[in-house]
Amino acid sequence: MNSTPRPKSLAMMFMLGAFLTGGAVGFAAERAVAKPVVLLNDEQSVREELARELRLTEEQKVVMDSAWDWRRARNREIMAVVRPSLDSVRDSARVRMMAVLSEEQKETFRKLIERNQRLADSANKARNAPK
């Protein structure tokens, strides 16, 4: 049997190599050239990025921080009223979902709910921790 690759196979291997190399080079170039991404997943990061982008003075930062604090307080007031309704809707939806699951699926679903609650509790604790 002849072990020499056929021209079509050789061409396919070359194309695959070129594709993979191009992807790797493109990824590396994009990472080197692109502006770094700032993850704005917490309020403090958002505030700092906003202050940096707007080149705020110290006086402006004080006013902006005050506005952020006012907004957070109003959001908490609203959520205190709305949260029970949202919790009720969530719980009702879970009951409807559980109705179609097998016992094994129900147990897995309960574990997912517990895991997500622990993650939410941890995130809330981190957000409310003194800085």
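Which residues in H2 meet which residues in H3? Keep that in mind while you get your bearings; we'll come back to it shortly.

**Whole chain.** Start with everything shown as a cartoon. This is a predicted model, so a first pass coloured by confidence makes sense. The chain averages a pLDDT of 85, and 88% of the residues score at least 70. Select residues 7–33, helix H1: confidence is lowest there, at a mean of 79. Then jump to H3, where confidence is highest, at 94.

Now switch to colouring by secondary structure. You should find four helices and zero strands, and walking along the sequence gives the pattern α-α-α-α. If you colour by accessibility instead, note that 8% of the 131 residues count as buried.

**H2 against H3.** Select residues 43–54 for H2 and residues 58–98 for H3. The axes of these two helices come within 11 Å and cross at roughly 145°, and H2 passes H3 in a right-handed crossing.

Time to settle the opening question. Show side chains on the H2 side for Glu43, Val46, Arg47, Leu50, Ala51 and Leu54. They meet Lys61, Met64, Asp65, Trp68, Asp69 and Arg72 in H3. Colour this set by class and you get six nonpolar residues, six charged and no polar ones.

**The loop in between.** Next, pick arginine 55, which sits in the loop between H2 and H3. What is the phi of this residue, which is not a glycine? Its phi is positive, at about 55°. Turn on the surface here too: arginine 55 has 72% relative accessibility, so it counts as exposed.

**H3 against H4.** Keep H3 selected and add residues 103–128, which make up H4. Here the axes come within 12 Å and cross at roughly 165°. Angles over 145° count as roughly antiparallel, so that label fits H3 and H4. The crossing of H3 and H4 is right-handed.

For the contact, show Arg76, Arg94, Met97 and Met98 in H3. Across from them, in H4, bring up Lys106, Phe109, Arg110, Ile113 and Asn128. By class, this contact of H3 with H4 has four nonpolar, one polar and four charged residues.

**Last stop, in H4.** Stay on H4 and click alanine 123, which lies in this helix. Is alanine 123 buried, partly exposed or exposed? Its relative accessibility is 32%, so alanine 123 counts as partly exposed.

To finish, add aspartate 42 and draw a C-alpha to C-alpha distance to alanine 123. The two are 81 residues apart in sequence, and the distance in space comes to 9.9 Å.

Notes
Residues numbered from 1 in each chain as written. Predicted model: local features only at pLDDT ≥ 70, side-chain atom pairs only at ≥ 80, totals over all residues. Heavy atoms only, no water. Axes fitted to C-alpha atoms, helices over the stretch in contact; angles between N-to-C directions. Parallel < 35°, antiparallel > 145°, perpendicular 65-115°, else oblique. Left-handed = near helix turned anticlockwise from the far one by under 90°. Contact = heavy atoms within 4.5 Å. Nonpolar A, V, L, I, M, F, W, Y, C, P; charged D, E, K, R; others polar. pLDDT = per-residue confidence, 0-100. Buried < 20%, exposed > 50% of the residue type's maximum accessible area, 1.4 Å probe, protein only.
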